[in-house]
Amino acid sequence: MFNKLLTSIGIASIKADTRIENEVNYENDLIKGVVILEGGNTDQKVNKIEITLIERIQNDDKTSQFSVIDNELDTYIYAGDFTVGAKEVEKVHFQFKLKNHDIDVKNNKIYMRTHVFIDLSVDAYDEDEVPVFKNE
């Protein structure tokens, strides 16, 4: 009972790690990867996983309070309830095509933000840089 209480507030809960399988992603290429979910102290139900591709833009506007701006490019949603058992590891494979966006890959960085929606608990997050190179 005490373990369920701890996981419901995010202590010893599911941990998420998103990994890209292909090292170099060119514009308009397929992004392939896996979300690795490590179970906490109790079984937890995952409602969905949302993976968002973000262009992080340096903001040179001196009047702005923000030094960087996140431009959401694409979102991949894995919608399917499943349970991650205590101390178990689940893998969710994904792939989606990087659409033709006007990305300034020389000056900006591309990130992949993963949001794991966990039933009756604190959600799990992960964010990693994705190497995207412009076709020359």
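In the predicted model, the charged end of lysine 48 is placed over the ring of phenylalanine 117, at 4.8 Å from the ring centre. An arrangement of this kind also involves arginine 56, whose charged end sits over the ring of tyrosine 111, 4.3 Å from its centre.

The protein chain comprises 1 helix and 9 strands. Along the sequence, these elements follow the pattern α-β-β-β-β-β-β-β-β-β. Of the 136 residues in the chain, 38% count as buried. The exposed surface of the protein chain amounts to about 8,300 Å², of which carbon and sulfur atoms supply 48%. Among contacts with a separation of 6 or more, 68% are accounted for by residues 24 or more positions apart.

Strand pairing was examined for β3. This strand pairs with β1 (residues 15-20) in the antiparallel sense, over 6 bridges. Within that pairing, lysine 15 has glutamate 38 of β3 as its bridge partner. Strand β3 is also joined to β6 by 9 bridges, and these two strands run antiparallel. Here the bridge partner of isoleucine 36 is lysine 91, in β6.

In soluble globular proteins, nonpolar side chains tend to be buried together. The largest nonpolar core of the present model contains 25 residues, and those with the most contacts inside it are Leu37, Val46, Ile49, Leu53, Met112 and Val116. Two or more residues are given to this core by each of β3 (30-38), β4 (44-58), β5 (68-84), β6 (89-97), β7 (109-118) and β8 (124-130). For valine 46, residues up to four places away in sequence being set aside, the contacts are Ile14, Leu37, Gly80, Asp81, Phe82, Val84, Val116 and Phe117.

Threonine 52 is located in strand β4. This residue counts as buried, because its relative accessibility is 8%, under the 20% limit. Beyond residues up to four places away in sequence, threonine 52 touches Glu72, Asp74, Thr75, Tyr111, Met112 and Arg113. Tyrosine 111, one of these contacts, is also the residue whose ring lies beneath the charged end of arginine 56.

A search of the whole structure identified 4 aromatic pairs. The rings of tyrosine 76 and phenylalanine 96 have centres 5.9 Å apart and planes at 10°; the pair is therefore classed as stacked, the angle being under 30 degrees. Distant parts of the chain are linked by this pair, since tyrosine 76 belongs to strand β5 and phenylalanine 96 to strand β6, 20 residues apart. Ring pairs further link Tyr76, Phe94 and Phe96 into a cluster. With a relative accessible area of 10%, phenylalanine 96 is buried.

The loop between β5 and β6 contains alanine 86. The relative accessible area of alanine 86 is 28%, so the residue is partly exposed, this value falling between the limits of 20% and 50%. Alanine 86 and glycine 40 are separated by 46 residues in sequence, yet their C-alpha atoms are 5.3 Å apart in space. Apart from neighbours within four places in sequence, alanine 86 is in contact with Gly40, Asn41, Thr42 and Asp43.

Terms used:
Residues are numbered from 1 along each chain as its sequence is written. This is a predicted model: local features need pLDDT of at least 70, side-chain atom pairs count only at pLDDT 80 or more; totals for chains, interfaces and linings use all residues. Side-chain values use heavy atoms; hydrogens and water are left out. A nonpolar core is a set of buried Ala, Val, Leu, Ile, Met, Phe, Trp, Tyr and Cys residues joined through side-chain atoms within 4.5 Å. Buried means under 20% relative accessible area, exposed over 50%, partly exposed in between (1.4 Å probe, protein chains only). Helices (H or I, at least four residues) and strands (E, at least two) are DSSP runs, numbered from the N terminus. Contact means heavy atoms within 4.5 Å. Rings of Phe, Tyr and Trp (its six-membered ring) pair if their centres lie within 6.5 Å; planes under 30 degrees apart count as stacked, over 60 as edge-to-face and the rest as tilted. A charge sits over a ring if NZ of Lys or CZ of Arg is within 6 Å of the ring centre and within 35 degrees of the ring normal. Accessible areas come from the Shrake-Rupley method with a 1.4 Å probe; for residues, only the protein chains shown count as cover. Two strands pair if DSSP finds at least two bridges between them.
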